[in-house]
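I opened this structure to look up a few things in turn and to note down what I found. The entries below follow the order in which I looked.

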Amino acid sequence: MGDMMCPAPATARSTTTPRIPLLPYVLLGLASTVMSLEPDAEEEWAAVERRGAHLVTRAAERPFIIHGFNTYWLMSFAADEATRPRVTAAIAEAAGAGLNVCRTWAFADGGYHALQTAPFCYDEVVFQALDFVVSEARRYKMRLILSLCNNWEDYGGKAQYVRWGKEAGVDLTSDDDFFSDPTLKGYYKAFVEAVLSRINTITNEAYKDDPTILAWELINEPRCPSDPSGDTLQAWIEEMASYVKSIDTMHLVEIGIEGYYGPSTPELLLVNPDDYSGHVGTDFIRNHQAMGIDLASVHIYSDTWLPDSTEESHVQFVNTWMQQHIDDAANLLGMPIVIGEFGLSLKDGKFENEFRETFMQTVYNNFLGSWESGMIGGGCLLWQLFPEGAEHMDDGYAVIFVKSPSTFNLLANHSRKLEC
């Protein structure tokens, strides 16, 4: 429907798989690992499904644990032949470390390399770039968590939806109208349908039928501070989770929230990093009780949440934050927990890589202990992993394996522990 309302798309770029140089892997002694990553064409690529608080692969009935990473710009890089090889490099390097899930943006609303150029209008070139990301992930046995919108203005997000609504004459007063205005919700639903129903031009498989996709994320880090009661965001979550499930019954759905406790659990507000975070319209327990939500999403950024704290305080916060959410996900919600983003920035020089690895190990140890006890499944996704050649995108959190072999070893060791 959308394409018929838009000008004819530009000629699609080539989807030929680029050849990835193995020099980074040779430097790390990993060339043989990378070259063995090509999956057996006969091997079944089964979907992952939820069983209570755990994940399993549907066919083999084996536990599936998320050991993942974020590289949000894959679709944007794939839309340009000059940067497309970095997409394959990012996925291949992660696979070489034993990572098995990548979280990335399946949206770009207006602006540079926009997937959604206007409501109901989608750029076929960029859609084919997303096709490439999905096909490369499958080639390297990498599952995907695909986020469908952004709370922030990066890559458009809810602010772009509001701008489109105003251009159409809709009376809007706040970016938070994204969550309540019928016109804007219609724009979002149309985009969701376009993505979920997309037929991949490389694999010839609909996204909604592709087991490469582990889960859909409704929106990255949603907040609705104009309604601190949480009612507005809760209604949106319930409506959109149901809508996604009406199109795609196979895949898991997560919200994408940061994990702040809200009004439904006043006794837990003190677990939040500050008072403000309990009044941004999100509510960890209530939000995840919405029908259609399968995974409890949490983020961890103690470096920005607790900017003046000591290293010891950061570790203590991570322990408390994770154990409370793990306990609640297992015992109150009965669903797997997904630490969708966690990281520590080296940008301002406050922390060194050694403490970042301590921070990472703390996150992994908390999850690993709970998983080994049989309490919960799910997993953790590092923010973020970059290949060489993408340093200009670094926000201070990027891990580049060839420049940090000790971090590679940490991730590879965690992968081995999960296989035991």
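These are my entries on confidence, the strands, the aromatic rings and one loop residue.

**Confidence.** I noted at the start that this is a predicted model, and I looked up the confidence before anything else. The chain has an average pLDDT of 90, and 90% of the residues reach at least 70. I marked two stretches where pLDDT stays under 50: residues 1-5, for which the model has eight contacts beyond four places in sequence, and residues 7-42, for which there are 56 such contacts.

**The hairpin.** I then went to strand β1 (residues 48-51) and strand β2 (residues 54-57), which run antiparallel and are joined by four bridges. I picked out Glu49, whose bridge partner in β2 is Val56. Two residues lie between the strands of this hairpin, and I noted that Gly52 has a positive phi near 65°.

**The sheet.** In what order do the eight strands of the open sheet lie? I read the order as β9-β8-β7-β4-β3-β12-β11-β10, with parallel pairing. The edges are taken by β9 (252-254) and β10, each of which has a single partner strand, so one side of each is left without a neighbour in the sheet. From one strand to the next, the twist averages 25°.

Within this sheet I looked up strand β4 (residues 101-105), which pairs with β7 in the parallel sense over five bridges; the bridge partner of Val101 in β7 is Arg143. I also checked helix α11, which packs on the sheet and touches β10 and β11 (337-342), its direction making about 175° with that of β10.

Arg143 came up again when I looked for charges over rings, as its charged end sits over the ring of Trp45, 3.8 Å from the centre of that ring. A further case I wrote down is Arg84, which lies over the face of Phe132 at 4.7 Å from the ring centre.

**Aromatic pairs.** I searched the whole structure for aromatic pairs, and the search gave 30. For Tyr301 and Tyr397 the ring centres are 5.5 Å apart and the planes stand at 80°, so I entered the pair as edge-to-face. Tyr301 is in the loop between β10 (296-300) and α10 (302-305), while Tyr397 is in the loop between β13 (385-386) and β14 (399-400), so the pair ties together parts that are 96 residues apart in sequence. Are these two tyrosines buried or exposed? Tyr301 counts as buried because its relative accessibility is 8%, and Tyr397 counts as buried at 9%.

I set down Phe317 and Trp321 next, whose ring centres are 5.5 Å apart with planes at 20°, so this pair is stacked. Both residues lie in helix α11 (residues 311-333), four residues apart, which is about one turn of the helix, and both are buried. I also recorded one aromatic cluster, formed by Tyr161, Trp164, Phe178, Phe179, Tyr188 and Trp236.

**A loop residue.** Last, I looked up Glu153, which lies in the loop between β7 (143-147) and α6 (157-167). Glu153 has a relative accessible area of 53%, so I entered this residue as exposed. Leaving aside residues up to four places away in sequence, Glu153 touches Ala159 and Arg163. I also took the C-alpha separation of Glu153 and Asp109, which is 9.4 Å, the two being 44 residues apart along the chain.

How values were computed. Residues are numbered from 1 along each chain as its sequence is written. This is a predicted model: local features need pLDDT of at least 70, side-chain atom pairs count only at pLDDT 80 or more; totals for chains, interfaces and linings use all residues. Side-chain values use heavy atoms; hydrogens and water are left out. Two strands pair if DSSP finds at least two bridges between them. Rings of Phe, Tyr and Trp (its six-membered ring) pair if their centres lie within 6.5 Å; planes under 30 degrees apart count as stacked, over 60 as edge-to-face and the rest as tilted. Buried means under 20% relative accessible area, exposed over 50%, partly exposed in between (1.4 Å probe, protein chains only). A charge sits over a ring if NZ of Lys or CZ of Arg is within 6 Å of the ring centre and within 35 degrees of the ring normal. pLDDT is the predictor's confidence in each residue, from 0 to 100. Contact means heavy atoms within 4.5 Å. Axes are lines fitted to C-alpha atoms, for helices over the stretch in contact, and angles run from 0 to 180 degrees between N-to-C directions.
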